[in-house]
Amino acid sequence: MKLADISHGPDWVIWVAFVIILMLSILWLSGHGSGLISGYNAAPEDEKAKYDEKRLCRTMGIGMSVIAVCILISALFENILPASFVYIFIGVIIIDIITILIVANTICRK
């Protein structure tokens, strides 16, 4: 069974998701868009002062780039990859999110 066999929605949905995540990734890699980081945006000014905003944005950008690459691979090779690759992609994304959380709370602090 291929990845395309378990996909029930239209193909354009995955491409729209890829473009949105890619745009967020580029925004954060450029060091902008800190207002889109949920916990950082809602934090008071004294809490925001504890973090390096540029590093935090770049950390989020790199993490979102990994997710964008996973989506791109699954979209391009859905007729080739076996359906079990969904579990590998989910594992990669979970490890990526955990890594983002660890890096954001250690390296991004001033």
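**Exercise 1. Describe the second largest pocket: its volume, its lining and the helices that supply it.**

*Solution.* The volume of the second largest pocket is about 300 Å³. This is a predicted model, in which local features need pLDDT of at least 70 and side-chain atom pairs count only at pLDDT 80 or more, while totals for chains, interfaces and linings use all residues. Residues are numbered from 1 along each chain as its sequence is written, and side-chain values use heavy atoms, with hydrogens and water left out.

Step 1: terms. On a 1 Å grid over the protein atoms alone, a pocket is an open set of points with protein on both sides within 12 Å along at least five of seven lines, and lining residues have an atom within 4 Å of a point. A volume is the space filled by probe spheres set on the points, which are joined across faces, edges and corners.

Step 2: residues. The lining consists of 16 residues, and those closest to the centre are Ile-37, Leu-56, Met-60, Leu-101 and Ala-104.

Step 3: helices. At least two lining residues come from each of helix H2 (38–42), H4 and H5; the greatest contribution is that of H5, with five residues. Helices are DSSP runs (H or I, at least four residues) numbered from the N terminus.

Step 4: classes. The lining has 12 nonpolar, three polar and one charged residues. Here Ala, Val, Leu, Ile, Met, Phe, Trp, Tyr, Cys and Pro count as nonpolar, Asp, Glu, Lys and Arg as charged, and the others, Gly among them, as polar.

**Exercise 2. Describe the largest pocket in the same manner.**

*Solution.* Step 1: the space in the largest pocket is about 380 Å³. Step 2: of its 18 lining residues, Leu-3, Ser-7, Ile-14, Ser-74 and Val-86 are the closest to the centre. Step 3: helix H1 (11–29), H4 and H5 each supply at least two lining residues. Step 4: by class, the lining has 12 nonpolar, four polar and two charged residues.

**Exercise 3. Determine how helices H4 and H5 are oriented and which residues meet.**

*Solution.* Step 1: two packed helices are described by the angle between their axes and the distance between the axes. Step 2: H4 (residues 53–76) and H5 (residues 85–106) pack at about 175°, with axes 9 Å apart. Axes are lines fitted to C-alpha atoms, for helices over the stretch in contact, and angles run from 0 to 180 degrees between N-to-C directions. Step 3: H4 and H5 are therefore roughly antiparallel, a term for angles over 145 degrees. Step 4: contact means heavy atoms within 4.5 Å. Among the H4 residues that meet H5 are Leu-56, Thr-59 and Val-66, and the H5 residues include Val-92, Asp-96 and Ile-100. The contact residues divide into 12 nonpolar, three polar and one charged.

**Exercise 4. Is each of Thr-59, Val-66 and Asn-41 buried, partly exposed or exposed, and what does each touch?**

*Solution.* Step 1: buried means under 20% relative accessible area, exposed over 50%, and partly exposed in between (1.4 Å probe, protein chains only). Step 2: Thr-59, in H4, has 13% relative accessibility and so counts as buried. Leaving aside neighbours within four places in sequence, Thr-59 contacts Ile-100, Val-103, Ala-104 and Cys-108. Step 3: Val-66, also in H4, is partly exposed at 31%; on the basis of that exclusion, Val-66 contacts Val-92 and Asp-96. Step 4: Asn-41, in H2, is partly exposed at 42% and touches Ser-34, Gly-35 and Lys-48, not counting residues up to four places away in sequence.

Methods. Angles under 35 degrees count as roughly parallel, over 145 as roughly antiparallel, 65 to 115 as roughly perpendicular and the rest as oblique. On a 1 Å grid over the protein atoms alone, a cavity is a set of points where a 1.4 Å probe fits but cannot get out, and a pocket is an open set with protein on both sides within 12 Å along at least five of seven lines; lining residues have an atom within 4 Å of a point.
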